[in-house]
Amino acid sequence: MATVNDFTPKEQPQWCPGCGNFGIMLALRNALVKVGAETHNTVVVSGVGCSGKDAHYVRTYGYEGLHGRALPLATGIKLANSRLRVIAMGGDGDGYGIGLNHFVQTCRRNIGLTYIVHDNAIYGLTTGQTSPTSMKGMKTKSTPHGVLEEPIHPLALAITSDATFVARTYTGNIPHMIEVFTQALAHKGFALVDVLQICPSWNKVNTPEWFKTRIYDLNKEGHDVADKIKAYEKALEDVHSGYERVPIGIFYKVDKPTYEDGLPQRKEKEVFEHDISAINMEKTLAKFI
Ligand code: SF4
């Protein structure tokens with residue numbers, strides 16, 4: 001059985017001191033051990049951004065793709081070989097901005113992969129521009145007079161897009177991160193974990209002090225994770241409370257068949273196991289031209 005050390009590469013992460021990404025990486029390695037994952041059949045796919053380095057910092061198979069494209073890459077890998085445990089990672093700009101369409105489509109398809117979003121509400125790698133989750137009024141390099149539009153509400157969007165596991169955790173609470181990641185990894189279907197991530201270099205609003213008085217664990221307040229309407233309400237609670245209460249925990253969870261379960265090409269064997277040597281590619285391509 002693999003240990004945390006097995007999932008830890010020799011390279012040291014190159015993130016700013018105090019960055020929440022360190023905690024996410026630590027929690028993910030621990031959660032992988034808790035679900036009995038193995039290095040040889042786990043794949044981490046990332047987009048671009050500070051979190052894009054994730055694919056390098058977990059000792060599994062890895063793929064750092066284009067900006068916003070972690071989910072289609074992860075989808076392709078899962079459909080080719082569903083025996084693999086596939087984890088997609090990226091930031092809020094990557095997943096909720098540039099890759100937003102992929103996010104909605106992956107939610108509704110219920111592909112069996114785990115999506116961990118490092119949500120620091122800022123573009124960190126490019127030194128501090130407004131992201132889709134930056135709070136209204138927040139002053140950044142790209143909005144010196146304050147953000148004018150409302151932020152995206154990713155959990156509410158995931159719930160209305162029929163995602164089957166929707167959760168949020170916080171980099172200031174490592175045990176909570178490990179627990180939520182473990183449940184997400186154990187879920188059969190698409191699991192979104194939005195991680196409220198501290199970015200001490202560029203987000204000077206959503207600091208540990210800011211979170212300290214606002215965050216609470218909704219699962220300790222008797223929230224019913226099977227109640228979709230209640231989950232939706234909870235997903236919008238931060239904005240409705242004027243950001244005075246920020247819930248974390250498992251918001252919604254339901255069991256449904258996955259997309260790959262219904263794939264006819266997988267009926268007898270995995271897609272990658274099919275013999276394609278007899279296919280005439282010229283003839284096949286000609287049908288589409
Ligand atoms: Fe972390 Fe922010 Fe530094 Fe990026 S810019 S490594 S998110 S602290």
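Which residues is F103 in contact with, leaving aside its neighbours within four places in sequence? I opened the notebook with that one, keeping in mind that this is a predicted model.

**Entry 1, F103.** With those sequence neighbours set aside, I found F103 in contact with L71, G95, Y96 and Y115. The list carries on with P154, L157, A158 and L192.

**Entry 2, the core around it.** Next I looked up the largest nonpolar core, which has 32 residues. F103 is among the members that touch the most others, together with L113, Y115, V166, F190 and L192. I then checked which elements supply at least two residues each to this core. Among the helices I noted α3 (70-80), α5 (100-109), α6 (154-160) and α9 (228-235). On the strand side there are β1 (42-46), β3 (85-91), β4 (114-119) and β8 (246-253). Apart from this core lies another, of 31 residues, and I jotted down M25, A167, I178 and A191 as some of its members.

**Entry 3, strand β1.** Since β1 had turned up as a supplier to the core, I stayed with it a little longer. Is β1 enclosed or open? Five of its five residues are buried, so the rest of the structure largely encloses this strand. I went through the two faces in turn: T42, V44 and S46 are buried on one side, and V43 and V45 are buried on the other.

**Entry 4, partners of β1.** Which strands does β1 pair with? With β3 the pairing is parallel and counts five bridges; there, V44 has I87 as its bridge partner. With β2 (residues 61-64) I found four bridges, also parallel, and S46 stands opposite E64 of β2.

Notes: Residues numbered from 1 in each chain as written. Predicted model: local features only at pLDDT ≥ 70, side-chain atom pairs only at ≥ 80, totals over all residues. Heavy atoms only, no water. Core = buried A, V, L, I, M, F, W, Y, C linked by side-chain atoms within 4.5 Å. Buried < 20%, exposed > 50% of the residue type's maximum accessible area, 1.4 Å probe, protein only. Contact = heavy atoms within 4.5 Å. Pairing = 2+ DSSP bridges.
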